[in-house]
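User: I am new to this structure and would be grateful for a close look at one part of it, namely the nonpolar interior. Please begin with the chain as a whole and then proceed inward.

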Amino acid sequence: MNPSLIAAGLFFAAVLVAIGYIIGRRRRKPSASVPEGPVIQEDERQRMLGLLEGLSRWTNEYSGNVSNYQSELGELSDAMRISIQQSRSGAARSGNQPDHQNASDARMVTLINQIMSTNTELQTRLEAAEKQLEEQTEQIQSYLTEARTDGLTGLFNRRAFDKKLDELFVAYRGGGKSFTLILIDIDHFKIINDTHGHPVGDVVLQQISQRLGNGMQDAEIVSRFGGEEFAILTHLPIRVAAEKANAMRDRIAKDSIEVGPVELTVTLSIGLSNPQEDLVIGPIVRRADEVLYSAKNMGRNRVYFNDGNGAQLINAPEVIRS
């Protein structure tokens, strides 16, 4: 059981005890024969006794945390002692104090003292449970991170991308915002691997991933789609997203990547699409993929988009440097 829920339950039970005590105090009017003070009616005594016994059993069973309520329980215990003393004093003068009432009062004080005496043990158990809960939470978070993150680049992986795409499409079909899909491919990446080796290729992937993340900070997700291909989802209108992607492509093409003595100029081909009257997700991805290959077939290092009117080029690309 969640320790915070246990603690909350204990507090709730303690509050009920206090309420019963207050109600009993207010129902009994002081008389000349009994000094003014907290005096409890018989039915309230029995109710409080039941609550305290239940609280004691629950505490022992679930090792809850009562440290935050130690002072409240102490005050209640003191008040009960005063009530018993006053009740017995009044009974001695009137001669009509029931024995079972005295026993009930004494039992309540005993239960309160038992709860207070076990507080240290309960706190130790709670701290151990909280530590274990924290460790389990960290493990779960680690597993979730590994399941959603690409190990090399640190971006979201294909699984996380597919889930986000499905969420956005379902929301769109339900009357929500439209979105834009951006597919990105590193030009001539195989040549980089074949010429300089896979370790250099890995650094290129990491550097491009970082620049994509920095360049599309308003994206819903930036992910590694597979190999040297990346995918981004954003709520930006497709033409605005295409302009932004083109500016990012421009910066990357002009800013070389250095890996030791190797200095590389890396360019990107990019394709964008958005949902039209699609009943399923597939056509959206297909259109983005088609315009991505239009960008490659037309010379690479450029951005094409399809807003339902076929492949369109955004601006003019730089001259590709060998």
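Analyst: The accessible surface of the protein chain amounts to about 17,000 Å², and 51% of it belongs to carbon and sulfur atoms. This is a predicted model. Its protein chain contains ten helices and eight strands. Of the 322 residues in the chain, 43% are buried. Among contacts with a separation of 6 or more, 70% are between residues 24 or more positions apart.

Turning to the interior, the largest nonpolar core comprises 34 residues. Within this core, the residues with the most contacts are Ile 184, Ile 186, Val 204, Ile 208, Leu 212 and Leu 272. Helix H9, which spans residues 238-254, supplies the largest share of the core, namely six residues. Leu 212 illustrates how such a residue is surrounded: leaving aside residues up to four places away in sequence, Leu 212 touches Ile 184, Val 222, Phe 230, Met 248, Ile 252 and Leu 268. A second core, separate from this one, has 16 residues, including Phe 161, Phe 179, Leu 183 and Phe 225.

A charged residue may be considered alongside these cores. Arg 287 lies in helix H10, residues 282-297. Arg 287 counts as buried because its relative accessibility is 9%, and the cut-off for buried is under 20%. The side chain of Arg 287 forms a polar contact with the side chain of Asp 278 at 2.7 Å. Asp 278 is also one of the residues that Arg 287 touches, together with Ser 273, Asn 274, Pro 275, Gln 276 and Asn 306, when residues up to four places away in sequence are not counted.

How values were computed. Residues are numbered from 1 along each chain as its sequence is written. This is a predicted model: local features need pLDDT of at least 70, side-chain atom pairs count only at pLDDT 80 or more; totals for chains, interfaces and linings use all residues. Side-chain values use heavy atoms; hydrogens and water are left out. A nonpolar core is a set of buried Ala, Val, Leu, Ile, Met, Phe, Trp, Tyr and Cys residues joined through side-chain atoms within 4.5 Å. Buried means under 20% relative accessible area, exposed over 50%, partly exposed in between (1.4 Å probe, protein chains only). Helices (H or I, at least four residues) and strands (E, at least two) are DSSP runs, numbered from the N terminus. Contact means heavy atoms within 4.5 Å. A polar contact is a pair of N or O atoms within 3.5 Å; within protein, one must be able to donate a hydrogen and the other to accept it, and residues adjacent in sequence count only if both atoms are side-chain atoms. Accessible areas come from the Shrake-Rupley method with a 1.4 Å probe; for residues, only the protein chains shown count as cover.
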